[in-house]
Amino acid sequence: MSNEYTDASQNPEHFTGHVRLGKPKTAAAGIPAVISSAKHILQEMNAVRGMKALLKLNQKSGFDCPGCAWPDPDDERSSIAEYCENGAKAVAEEATSKKLDAAFFAKNSIADLAGLTDYEIGKKGRVAQPVYLAPGATHYQPISWDDAFGKIAQHLKGLSSPDEAIFYTSGRTSNEAAFLYQLFVREYGTNNLPDCSNMCHESSGVALSDTLGIGKGSVTLDDLYQAEVIIILGQNPGTNHPRMLTALQKAKKNGVQIISVNPLPETGLLNFMNPQTVKGMLHIPTHLTDLFLQVKINGDMALLQAIALLLLQEEEKQPGSVFDNQFIQLNTNGYDAYIQHIRQQQLENLSEAAGISIEQIQEAASMLMHKKKIVACWAMGLTQHKNAVDTIKEVVNLLLLKGSVGKPGAGTCPVRGHSNVQGDRTMGIYEKPPEVLLNGIRSVYGFEPPRKHGYDTVHAIRAMRDGKAKVFFAMGGNFLSATPDTEVTAQALRNCALTVQVSTKLNRSHLVHGQEAIILPTLGRSDQDLQQGEKQFVTCENSMGVIQMSKGNLQPVSDQLLSEPVIVCKLALATLGAQSKVNWQHYMRHYDYIREDIEKVIPGFNNYNTRVRKPGGFYLPNNARNGKFNTTTGKANFNVATIIKQELAADEYMMMTIRSHDQFNTTIYGLDDRYRGIYQERRVILMNAKDIKAAGLQANDVVDLINNFEGQERIVHKFLVVEYSIPEKCTATYFPETNALVPLNSVADRSNTPTSKLVIIKVRKSSEL
């Protein structure tokens with residue numbers, strides 16, 4: 001079966017046909033979350049190692065969670081558990097005592113490992129030493145670090161152009177490693193720096209840069225506590241950002257109202273049992289959502305324009321009573337054109353497009369009518385659509401009407417999915433680098449960095465597919481399982497002369513490889529990092545722009561692991577040699593030297609080493625937070641966009657990909673989706689009961705899912721039909737099992753993000769029974 005199956009969805013043998021269904025949970029967290037956390041820790045390590053890790057997780061003197069980017073409290077943090085269930089799972093995966101040594105790779109061929117599910121692969125353990133796959137070989141074999149860097153350098157120096165190499169970055173990479181990585185890549189001569197942000201919040205960055213002049217959110221945790229209304233759109237915090245529930249609970253205690261907008265009634269949006277409170281221990285939940293709006297897939301823009309229309313009608317009845325006209329006049333551009341557009345809309349049409357009744361839209365509008373302190377939060381339910389950028393701009397439109405930017409208790413809150421994905425971008429991991437970064441590099445290091453834009457993730461896949469890129473280097477992540485159009489991406493990787501993965505754990509991307517392949521094992525967040533006998537720390541940036549230190553405290557499982565900063569330095573020395581103008585040896589001696597030069601190149605990092613050593617770190621400058629808008633107009637910009645009406649044939653459905661409660665991004669912790677009541681099977685499709693009946697299907701039928709896009713058929717086999725609360729003509733499936741259905745060429749306008757939240761599919765009874 002050599003390299004035949006590229007991910008779990010491609011192997012029908014992984015389908016058990018047995019799913020256990022229960023009622024969806026009515027509240028998130030509580031004692032079950034505590035039990036689940038302990039179970040996962042003890043499965044991966046002994047209790048002493050586990051407690052040592054958890055007691056330092058997200059503490060001011062500890063290490064940053066390798067999971068999501070939700071910020072830590074600025075002031076006091078829980079000494080018991082400043083982490084969530086999925087944070088504990090992430091640490092269990094990373095800090096596992098299981099390790100993969102030479103004997104493991106000698107025993108297990110690529111074909112054997114490729115036949116496993118992603119869950120089974122991830123449970124094997126930490127990669128304990130560098131390994132190499134020779135051309136035509138069936139097994140990885142040990143390789144020394146020097147020989148590994150030598151082989152990589154030989155390939156890189158042998159390319160006809162630096163643009164034939166691609167350097168991917170995962171969101172878990174530290175600021176220090178990311179800065180050195182982009183510095184090496186640019187001195188090497190290319191801007192081919194795709195990253196995971198291209199696939200998740202790129203749409204947010206584009207929309208916010210256009211409208212507010214900064215590609216990040218504008219709020220702090222305190223703003224959530226001071227708000228009057230919080231709107232949560234296209235997000236499932238109970239699974240993807242569980243610590244957000246604690247913040248929402250505190251906000252509710254302060255009288256904040258919450259509007260939740262989502263095609264699925266997610267447990268974590270509705271009720272929360274905080275296990276660190278008496279009520280939570282007694283299974284008494286805090287009710288979070290005051291109004292749940294179950295939109296159709298991609299119905300968010302229509303909903304937002306409908307709310308704006310109702311607010312406008314009330315404002316025209318009582319001028320100055322609804323809109324913040326002073327803010328609009330002084331701080332915004334494009335208001336008249338936007339208002340003219342909204343006046344032309346029909347509430348009935350918008351209601352139909354959103355899938356929300358007029359009565360519910362009126363209720364939402366009334367909640368916002370006389371409020372000025374509004375925070376809008378969103379995630380990939382908004383960012384992964386063709387009109388994603390315009391939809392996020394529609395969120396900003398609503399905030400601008402209310403003057404809800406640049407004041408306490410108000411603003412934008414894109415919730416990032418990985419713990420330093422925002423920091424990577426700040427450090428220069430971007431295929432379209434800003435001039436200030438390039439000029440800073442030139443000034444500090446004395447070489448001219450390339451100015452031509454490089455490949456983002458989608459363009460990188462195309463380049464490898466078409467033979468325009470021949471070396472693929474990944475600084476973390478699981479590229480194959482994270483990207484769209486799985487078979488196309490797999491073939492793209494196979495076209496490469498060399499694929500290199502800097503990794504902690506084994507994953508699918510190690511098994512779908514180029515003619516040669518290398519795995520470079522690295523330290524994790526929880527690992528102690530010693531350089532020249534001195535303990536080092538790295539830094540990360542959370543979703544709200546706080547830079548704080550992260551210092552691992554566990555003994556690494558192997559003495560053959562190198563930190564990411566050291567890996568980059570050694571790679572640069574091997575590739576660039578004496579021609580380099582950068583003192584890479586200097587950076588390996590102590591990470592303070594890296595931060596000293598970050599301070600010289602990246603704005604906002606003055607006194608970096610001093611400020612980051614203060615407990616809790618420091619905030620980066622944020623113009624939108626301060627009511628300043630660094631846009632082309634010098635003001636916050638309204639945007640005019642037209643609703644996309646999705647036309648579906650009678651046998652077509654919209655499909656969105658979702659995560660289960662037992663996973664984080666591509667890492668599968670287990671086979672249960674506890675909150676949704678789906679157990680022991682991931683190959684399922686959630687459908688509306690009326691759609692199931694109309695299609696002549698029944699719950700538990702085995703079906704194939706088909707996408708036809710630009711004349712190409714994509715198909716995944718053997719999925720179980722599960723009846724679920726979801727709007728008609730809408731379906732949901734787990735990521736990455738249905739990534740194979742997401743067309744590479746179906747992307748968001750302007751941001752080029754794959755449209756994983758809206759794929760047109762057909763559902764037919766499986767022919768492979």
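This passage walks through a six-stranded sheet, some aromatic pairs and one glycine in a predicted model.

A good place to start is the sheet. Six strands make up an open sheet with mixed pairing, and their order is S6-S5-S18-S17-S16-S7. Strand S6 (141-142) and strand S7 (165-169) lie at the edges with a single partner strand each, so each has one side without a neighbour in the sheet. In general, the strands of a sheet pair through backbone hydrogen bonds, in either a parallel or an antiparallel way.

Several of these pairings can be followed residue by residue. Strand S17 (residues 498-503) and strand S18 (residues 516-521) run parallel and are joined by six bridges; here leucine 498 has glutamate 516 of S18 as its bridge partner. Helix H7 (residues 145-158) packs on this sheet, where it touches strand S5 (131-133), S7, strand S16 (471-475), S17 and S18. The direction of H7 makes about 135 degrees with that of S18. A further helix, H8 (residues 175-188), also packs on the sheet and touches S7 and S16, its direction making about 170 degrees with that of S7.

Strand S16 deserves a closer look. S16 pairs with S17 in the parallel sense over five bridges, and valine 471 stands opposite leucine 498 in S17. Five bridges also join S16 to S7, again in parallel, with tyrosine 168 opposite alanine 474 of S16. Are the residues of S16 buried or exposed? Five of the five are buried, so the strand is largely enclosed by the rest of the structure. Val471, Phe473 and Met475 point one way from the strand, while Phe472 and Ala474 point the other way. Phe473 also belongs to an aromatic cluster, together with Phe167, Tyr181, Phe184 and Tyr188.

Aromatic rings offer a second way into the model. A pair of aromatic rings is described by the distance of the centres and the angle of the planes. The model holds 21 aromatic pairs. One of them joins phenylalanine 323 and tyrosine 335 edge-to-face, at 6.5 Å centre to centre and with 90 degrees between the planes. Phenylalanine 323 lies in the loop between helix H15 (300-317) and helix H16 (325-331), and tyrosine 335 in helix H17 (residues 335-343), so the pair ties together parts twelve residues apart in sequence. Both phenylalanine 323 and tyrosine 335 are buried.

Tyrosine 608 and phenylalanine 618 form another edge-to-face pair, with 6.1 Å between the centres and 85 degrees between the planes. Tyrosine 608 sits in helix H30 (residues 608-612) and phenylalanine 618 in strand S23 (residues 618-619), ten residues apart. Tyrosine 608 is buried, at a relative accessible area of 0%, and phenylalanine 618 is buried at 6%. The ring of phenylalanine 618 has a charged companion too: arginine 611 lies over its face, 3.9 Å from the ring centre. Elsewhere, lysine 729 lies over the face of tyrosine 653, at 4.6 Å from the ring centre.

Lastly, there is glycine 355, placed in the loop between helix H18 (347-354) and helix H19 (358-369). Its relative accessibility is 36%, so glycine 355 counts as partly exposed. Which residues does glycine 355 contact, leaving aside its neighbours within four places in sequence? They are Gln294 and Lys296. Glycine 355 and glutamine 294 are 61 residues apart in sequence, yet their C-alpha atoms are 7.4 Å apart in space.

Note on methods: Residues numbered from 1 in each chain as written. Predicted model: local features only at pLDDT ≥ 70, side-chain atom pairs only at ≥ 80, totals over all residues. Heavy atoms only, no water. Pairing = 2+ DSSP bridges. Helix = DSSP H or I, 4+ residues; strand = E, 2+ residues; numbered from the N terminus. Contact = heavy atoms within 4.5 Å. Axes fitted to C-alpha atoms, helices over the stretch in contact; angles between N-to-C directions. Buried < 20%, exposed > 50% of the residue type's maximum accessible area, 1.4 Å probe, protein only. Phe/Tyr/Trp six-rings, centres within 6.5 Å; stacked < 30°, edge-to-face > 60°. Lys NZ or Arg CZ within 6 Å of the ring centre and 35° of its normal.
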